[in-house]
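Subject: The structure we talked about

Hi,

Here is the structure for you to open. Have a look around first, and then read my notes below.

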Amino acid sequence: AKLDQAALQNTLSTLSSLSAHGFADKLDAVKAGLDKPQGAITVTLEGGKSLKVELGSKTKTGRYLRIVGNKQIFEVQTYTAKALLKRPIDLKDKSMLSFDKAKVRSFTLTKRVAAASDSVVLTRDAKDSKVWFGAAPQSPKKRKVASTKKLEEALDALSKLKADHFAQAPAEALGITPASWTVTLDLDDGKKLLLTVGDKVKEQCKAVQVAGNPDLFMVRKYALDRILLEPKNYK
């Protein structure tokens with residue numbers, strides 16, 4: 001998988017300048033949670049030398065840490081531990097979509113409200129790519145020229161959409177089954193992109209799934225708010 005270079009460099013930078021916040025001289029590995037570490041990072045240097053760092057239990061201000069081969073148990077601050085204690089998926093690139101905005105033929109937005117839903121379907125005119133028509137799914141023949149400014153802004157936001165991080169909770173706990181919003185794009189080449197968005201806000205993010213992708217993304221709410229306008233505001 002493509003890597004998130006910024007996340008990787010942040011981890012390497014933290015390791016290369018690692019400093020202890022304190023020393024746990026009176027604790028053994030078991031009491032420090034280092035008999036079963038919460039996570040570990042191994043770095044191989046030029047020449048073949050390896051360094052391995054293990055992270056143990058939480059403290060009031062951080063976590064216990066040790067360097068394998070060194071009996072000393074250290075304490076590092078919370079922000080340092082957080083930078084080091086990554087899941088492998090956390091270093092994966094967080095880009096979500098890849099498409100050419102000019103090749104989008106239709107845009108469908110559906111908002112679920114209780115047991116009902118509100119939708120809008122916007123279709124690009126075959127003769128003039130700058131003109132979009134809006135119609136309710138129930139009456140596609142009743143077309144009206146749609147406001148393109150908000151739509152173009154939404155498509156631009158979608159084409160650049162990136163996750164803040166990957167979810168650690170299951171989809172059900174994040175309100176994505178059933179989804180509170182769905183966004184569908186139909187492209188010139190027949191390809192279809194489908195996004196489903198949860199209704200739970202966690203750490204200022206909402207869960208998003210992209211059809212065909214097993215990852216569960218957490219996306220900043222403000223980024224989604226540029227796309228998830230009330231359907232009537234696109235007509």
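Let's begin with the largest pocket, which holds about 830 Å³ of space. Keep in mind that this is a predicted model. Around the pocket sit 27 lining residues, and those nearest its centre are Lys 82, Leu 85, Asp 90, Gln 168 and Glu 203. Two or more lining residues come from each of α1 (5-16), β4 (62-67), α2 (78-84), β10 (165-166) and β14 (217-220). Which element gives the most to this lining? That is α2, with five residues. If you sort the lining by type, you get twelve charged residues, ten nonpolar and five polar.

Next, the aromatic rings. There are three aromatic pairs in the model, and I'll walk you through a couple of them. In one, the ring centres of Phe 107 and Tyr 234 are 5.4 Å apart. Why is this pair called tilted? Its planes meet at 55°, and tilted is the name for angles that are neither under 30 degrees (stacked) nor over 60 (edge-to-face). Phe 107 belongs to strand β6 (residues 104-113), while Tyr 234 is in the segment after α4 (221-225), so the pair ties together parts 127 residues apart in sequence. Are these two buried or exposed? Phe 107 is buried, at 0% relative accessible area, and Tyr 234 also counts as buried, at 0%.

Another pair is Phe 166 with Phe 217: their ring centres are 5.5 Å apart and their planes are at 35°, so this pair is tilted as well. It links distant parts of the chain, with Phe 166 in strand β10 and Phe 217 in strand β14, 51 residues apart. Phe 166 is buried, with a relative accessible area of 2%, and Phe 217 is buried with 1%.

Now for the inside. In soluble globular proteins, nonpolar side chains tend to be buried together. Here the largest nonpolar core has 34 residues, and the members that touch the most others are Met 96, Phe 107, Leu 158 and Val 219. Several elements supply at least two residues each, including β6, β7 (116-124), β11 (181-187) and β14. The biggest share comes from α3, which gives five residues to this core.

Finally, try clicking on Val 219. Leaving out residues up to four places away in sequence, its contacts include Met 96, Leu 161, Ala 163, Cys 205, Val 208 and Leu 224. Charged residues are on its list too, among them Lys 162, Asp 164 and Lys 206.

Cheers

Terms used
Residues are numbered from 1 along each chain as its sequence is written. This is a predicted model: local features need pLDDT of at least 70, side-chain atom pairs count only at pLDDT 80 or more; totals for chains, interfaces and linings use all residues. Side-chain values use heavy atoms; hydrogens and water are left out. On a 1 Å grid over the protein atoms alone, a cavity is a set of points where a 1.4 Å probe fits but cannot get out, and a pocket is an open set with protein on both sides within 12 Å along at least five of seven lines; lining residues have an atom within 4 Å of a point. Grid points are joined across faces, edges and corners, and a volume is the space filled by probe spheres set on the points. Helices (H or I, at least four residues) and strands (E, at least two) are DSSP runs, numbered from the N terminus. Rings of Phe, Tyr and Trp (its six-membered ring) pair if their centres lie within 6.5 Å; planes under 30 degrees apart count as stacked, over 60 as edge-to-face and the rest as tilted. Buried means under 20% relative accessible area, exposed over 50%, partly exposed in between (1.4 Å probe, protein chains only). A nonpolar core is a set of buried Ala, Val, Leu, Ile, Met, Phe, Trp, Tyr and Cys residues joined through side-chain atoms within 4.5 Å. Contact means heavy atoms within 4.5 Å.
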